[in-house]
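Please look at the chain shown here, and follow it from its surface towards its interior.

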Amino acid sequence: MVFSYPKELEKYVKPSANIESDSPSIKRLAGRLTKSCKTPLQAAKTLFNYVRDAYPWNAVSIVKPSELVKKKGAQALCTAKTLLYASLCRSVGIPVSYT
């Protein structure tokens, strides 16, 4: 499910240098995880819990979000987990700011 958002937040749902919300693997995963979610808040919580639980934290090198999706259960640095979460959210229309 892709949620609607206010027009002024459009820049926060588009892909950026490190947020791969247009990646096919990211879109597939986010769609699968949020298909039963009724609200953006419910979807955001579902996506957060997935990233938290599926990728244990460890001080390893930073990888692109789409690379993490291919390696479920891989250890990831907090930055990589944040970028994956932002990518998943944006791919279903949940605005996320990241600087």
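In this predicted model, K38 is found in the loop that joins α1 and α2. With a relative accessibility of 68%, K38 lies above the 50% limit and is therefore classed as exposed. Although K38 and M1 are 37 residues apart along the chain, their C-alpha atoms are separated by 8.7 Å.

A second long step in sequence starts from L9, which belongs to the segment that precedes α1. Its C-alpha atom and that of G93 are separated by 9.9 Å, while the two residues stand 84 places apart along the chain. The relative accessibility of L9 is 28%, a value between the limits of 20% and 50%, so L9 counts as partly exposed.

These two pairs can be set beside the chain as a whole. The chain contains four helices and zero strands, and in sequence order its elements read α-α-α-α. Of the contacts between residues at least 6 apart in sequence, 57% join residues that are at least 24 apart. Buried residues account for 40% of the 99 residues in the chain.

How do α1 and α4 meet, in terms of angle and distance? Two packed helices are described by the angle between their axes together with the distance between those axes. For α1, which spans residues 24-34, and α4, which spans residues 78-91, the axes come within 9 Å and cross at roughly 70 degrees. Because angles from 65 to 115 degrees fall in the perpendicular class, α1 is described as roughly perpendicular to α4. On the α1 side the contact is formed by I26, K27, L29 and A30, and on the α4 side by L84, S87, L88 and S91. Sorted by class, the residues in this contact are five nonpolar, two polar and one charged.

Two members of this contact, one from each helix, repay a closer look. A30, placed in helix α1, has a relative accessible area of 0%, which is why A30 is classed as buried. Setting aside residues up to four places away in sequence, A30 touches L47, L88, S91 and V92. The C-alpha atom of A30 is also separated by 7.4 Å from that of C89, a residue 59 places away along the chain. From α4 comes S87, whose relative accessible area is likewise 0%, so that S87 too is buried. The side chain of S87 reaches the backbone oxygen of L83 at 2.8 Å.

Which residues touch the most other members of the largest nonpolar core? That core has 24 residues, and the ones with the most contacts to other members are L47, Y50, Y55, L84, L88 and I94. Helices α1, α2 (40-54) and α4 each supply at least two residues of the core. L88 shows how these parts of the chain come together: apart from its neighbours within four places in sequence, L88 is in contact with I26, L29, A30, L47, Y50 and V51. Among these partners, I26, L29 and A30 are residues through which α1 makes its contact with α4, while L47 and Y50 are named, with L88, among the core residues that touch the most other members. L88 thus appears both in the contact of α1 with α4 and in the largest nonpolar core.

Note on methods
Residues numbered from 1 in each chain as written. Predicted model: local features only at pLDDT ≥ 70, side-chain atom pairs only at ≥ 80, totals over all residues. Heavy atoms only, no water. Axes fitted to C-alpha atoms, helices over the stretch in contact; angles between N-to-C directions. Parallel < 35°, antiparallel > 145°, perpendicular 65-115°, else oblique. Contact = heavy atoms within 4.5 Å. Nonpolar A, V, L, I, M, F, W, Y, C, P; charged D, E, K, R; others polar. Buried < 20%, exposed > 50% of the residue type's maximum accessible area, 1.4 Å probe, protein only. Core = buried A, V, L, I, M, F, W, Y, C linked by side-chain atoms within 4.5 Å. Polar contact = N/O pair within 3.5 Å; in protein donor to acceptor, adjacent residues only side chain to side chain.
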